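Welcome! Please take a moment to look over the sequence and the model, and then read on for a short guided tour.

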Amino acid sequence: MKYSFLLVALIATLGLSACEKTTVTPPPAAPTTVVVPGPAGPAGPTGATGYDGAKGATGSTAVVPGPTGATGATGATGATGYDGAKGAKGSPGYDGATGQKGDTVVVVPVQR
């Protein structure tokens with residue numbers, strides 16, 4: 001039952017979308033009135049010339065540097081670091097063994 005309503009709605013949608021739509025043409029608008037200007041009249045007299053403005057004052061060109069500031073005070077000497085602790089004394093070395101007197105052996109490497 002619920003599929004039959006869905007099927008009918010689908011068929012109705014497809015059937016209505018296949019119909020040709022009608023085009024509505026709006027009625028023509030009323031003609032627009034265009035105003036055309038008439039001929040120009042004679043030119044009027046020229047206006048009076050305006051006054052020149054007052055000239056501004058010239059700025060100062062002298063450059064005077066300000067006084068030099070006072071020199072700052074020298075800083076205090078920093079604290080001295082402490083002496084490090086003395087290191088421990090190392091143990092004495094052993095006396096070497098006395099060498100034996102005998103023949104000297106020379107080993108020659110093999111050449112490749």
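## Tyr51 and its surroundings

Tyr51 sits in the segment after H1. Keep in mind as you look that this is a predicted model. Is Tyr51 buried or exposed? With a relative accessible area of 84%, Tyr51 is exposed, because a residue counts as exposed when this value is over 50%.

Now follow the chain from Tyr51 to Ala70, which is 19 residues apart from Tyr51 along the sequence. The C-alpha atoms of these two residues are separated by 55 Å.

## Pro65, in the segment after the helix

Pro65 is also placed in the segment that follows helix H1, which runs over residues 2-17. Its relative accessible area is 68%, so Pro65 is exposed.

How far apart are Pro65 and Pro28 in space? Measuring from C-alpha to C-alpha in the model, the distance is 83 Å, while in sequence the two prolines are 37 residues apart.

## The helix and its nonpolar patch

Let us turn to helix H1, where Leu14 has its place. Leu14 has a relative accessibility of 55%, and therefore counts as exposed.

Leu14 also belongs to a nonpolar patch on the surface, and its partners there are Leu7, Leu10 and Ile11. Together these four residues offer about 420 Å² of accessible area.

## The overall picture

Stepping back, you will find one helix and zero strands in the protein. The radius of gyration is 59 Å, well over the 13 Å that the globule rule gives for 112 residues, so the protein is more spread out than a compact globule. The C-alpha trace spans about 140 × 100 × 50 Å along its principal axes.

What share of the 112 residues is buried? The answer is 0%.

## Surface and charge

The accessible surface of the protein adds up to about 12700 Å². Carbon and sulfur atoms account for 61% of that surface.

As for charge, the protein carries 7 positive and 5 negative side chains. The centre of the positive set and the centre of the negative set lie 8 Å apart.

Methods
Residues numbered from 1 in each chain as written. Predicted model: local features only at pLDDT ≥ 70, side-chain atom pairs only at ≥ 80, totals over all residues. Heavy atoms only, no water. Helix = DSSP H or I, 4+ residues; strand = E, 2+ residues; numbered from the N terminus. Rg over C-alpha atoms; globule rule 2.2 N^0.38 Å. Buried < 20%, exposed > 50% of the residue type's maximum accessible area, 1.4 Å probe, protein only. Areas by Shrake-Rupley, 256 points an atom, 1.4 Å probe, with all protein chains shown as cover. Lys, Arg positive; Asp, Glu negative; His and termini not counted. Charge placed at Lys NZ, Arg CZ, Asp CG, Glu CD. Patch = residues over 30% accessible without salt bridge, like charges linked within 9 Å, V, L, I, M, F, W, Y side chains within 5 Å. Salt bridge = Lys/Arg side-chain N within 4 Å of Asp/Glu carboxyl O.
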